[in-house]
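Me: I'd like a close look at one part of this model: the place where the two halves of the chain meet, and whatever sits there. Could you walk me through it in one go?

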Amino acid sequence: MPLAIFDLDGTLLDSAPDIHASLNRVLEGYALAPFTLAEVTKMIGDGARTLVEKAFAARGAAFQEEAVKRFLTDYEPNSTVLTRPYPGMVEALEAFGQAGWRRAICTNKPIAATWVMLDALDLRGYFELVLGGDSLPVKKPDPGHVRGVLEGLGMSASDAVMIGDHQNDIRAAAGAGVRSVFAAWGYGDGAGADLACATAADLPDLLITSPATA
Ligand SMILES: O=C(O)COP(=O)(O)O
Ligand SMILES: [Mg+2]
């Protein structure tokens with residue numbers, strides 16, 4: 001039985017608008033100027049702490065640890081105001097399930113916020129295992145994050161595929177010996193991915209109906 005490992009931000013969910021709004025509210029509290037959505041989108045991928053660090057650095061301000069806590073306190077209850085699964089993603093998750101695929105999430109987002117979002121969007125039931133950026137001592141691009149998913153489900157790398165929108169996903173998958181599919185609808189760069197996919201709606205055709213090409 002194959003396994004599809006999904007990244008969250010920029011792959012399953014178009015989450016940048018709520019991340020953008022929360023980050024700007026926190027920055028306002030430090031009298032720092034807001035960023036555009038496009039600017040914030042480029043900062044997503046390494047988890048909440050790095051996001052806040054990048055924002056402070058871009059404003060030439062000294063990083064404040066407390067700002068990460070403020071960000072998460074603001075973000076968790078506001079994380080699904082604008083955030084939705086990408087078009088075709090829920091149908092794709094259904095199709096993988098119907099084809100007998102197991103499904104998991106490997107995200108750099110902290111696990112508490114991840115659960116809040118999966119519950120709010122009624123997506124929890126699709127996934128057998130969800131690992132956040134603070135679930136293990138390592139996170140993507142460390143292959144140990146992807147290996148943690150394989151170990152948690154008793155799966156071998158050759159039976160899995162990682163679907164992600166960022167270099168962190170491609171590198172973590174490659175390091176763990178897992179094939180990668182670049183989610184070209186997301187926020188990042190797919191250099192080095194084994195396959196690329198234009199829209200979430202195309203995933204089942206790419207991976208289920210013609211697995212020999214995957
Ligand atoms: O929260 C982030 O910065 C990235 O999260 P992702 O790993 O789900 O893309
Ligand atoms: Mg991502």
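Reply: Sure. Keep in mind that this is a predicted model. I'll begin with one residue in the core and work outwards from there.

Take methionine 162. Skipping neighbours within four places in sequence, Met162 is in contact with Ile5, Val146, Asp169, Ala173, Val178 and Ser180. Met162 also belongs to the largest nonpolar core, a set of 56 residues, and is among those with the most contacts inside that core. Ile5, Leu23, Val146, Ala160, Val161 and Ile163 are in that group as well. So Ile5 and Val146 turn up twice, as contacts of Met162 and as well-connected members of the core. Helix 1, residues 16–29, gives the most to this core, with five residues. Where does the core lie relative to the domains? It lies between domain 1 (3–14 + 84–213) and domain 2 (16–78), because both give residues to it. As a general backdrop, nonpolar side chains in soluble globular proteins tend to be buried together.

Now for the domains themselves. The chain is divided into domain 1, which is built from 3–14 plus 84–213, and domain 2, which covers 16–78. Their C-alpha centres lie 24 Å apart. The contact takes 15 residues from domain 1 and ten residues from domain 2. On the domain 1 side of that contact, helix 6 (residues 111–120) gives the most, with three residues. By class, that side of domain 1 has five nonpolar, six polar and four charged residues.

The ligand belongs in this picture too. Domain 1 and domain 2 both give residues to the shell around ligand 1, so ligand 1 lies between them. There are 13 residues around ligand 1, and those that come nearest are Leu8, Asp9, Thr107, Asn108 and Lys109. The shell divides into three nonpolar, six polar and four charged residues.

Next, aspartate 7. UniProt lists Asp7 under "active site", in an unreviewed entry. Asp7 lies in the loop between strand 1 (3–6) and strand 2 (13–14). Is this residue buried or exposed? Aspartate 7 has 29 C-beta neighbours inside 10 Å, and the cut-off for buried is 20 or more, so Asp7 counts as buried. Leaving out residues up to four places away in sequence, Asp7 touches Cys106, Thr107, Ile163, Gly164, Asp165, His166 and Asp169. Several of those names tie back to what came before: Thr107 is one of the residues nearest ligand 1, Ile163 is among the best-connected core residues, and Asp169 is also a contact of Met162.

A few backbone details are worth checking in your viewer. The peptide bond from lysine 140 to proline 141 is cis, with omega near 15 degrees. Pro141 sits in the loop between strand 5 (129–131) and helix 7 (143–153). Alanine 31 has a positive phi, near 60 degrees, although it is not glycine. Ala31 is in the loop between helix 1 and helix 2 (37–43), and counts as exposed because it has 8 C-beta neighbours inside 10 Å. For aspartate 122, phi is again positive and near 60 degrees. Asp122 lies in the loop between helix 6 and strand 5, and with 10 C-beta neighbours inside 10 Å it counts as exposed.

Technical notes. Residues numbered from 1 in each chain as written. Chains lettered and ligands numbered in written order. Predicted model: local features only at pLDDT ≥ 70, side-chain atom pairs only at ≥ 80, totals over all residues. Core = buried A, V, L, I, M, F, W, Y, C linked by C-beta atoms within 7 Å. Buried ≥ 20, exposed ≤ 12 C-beta atoms within 10 Å, placed from the backbone. Helix = DSSP H or I, 4+ residues; strand = E, 2+ residues; numbered from the N terminus. Domains from an automatic or database assignment. Contact = placed C-beta atoms within 7 Å. UniProt positions renumbered as here; feature names shortened; annotations may be inferred. Nonpolar A, V, L, I, M, F, W, Y, C, P; charged D, E, K, R; others polar. Near = placed C-beta within 6 Å.
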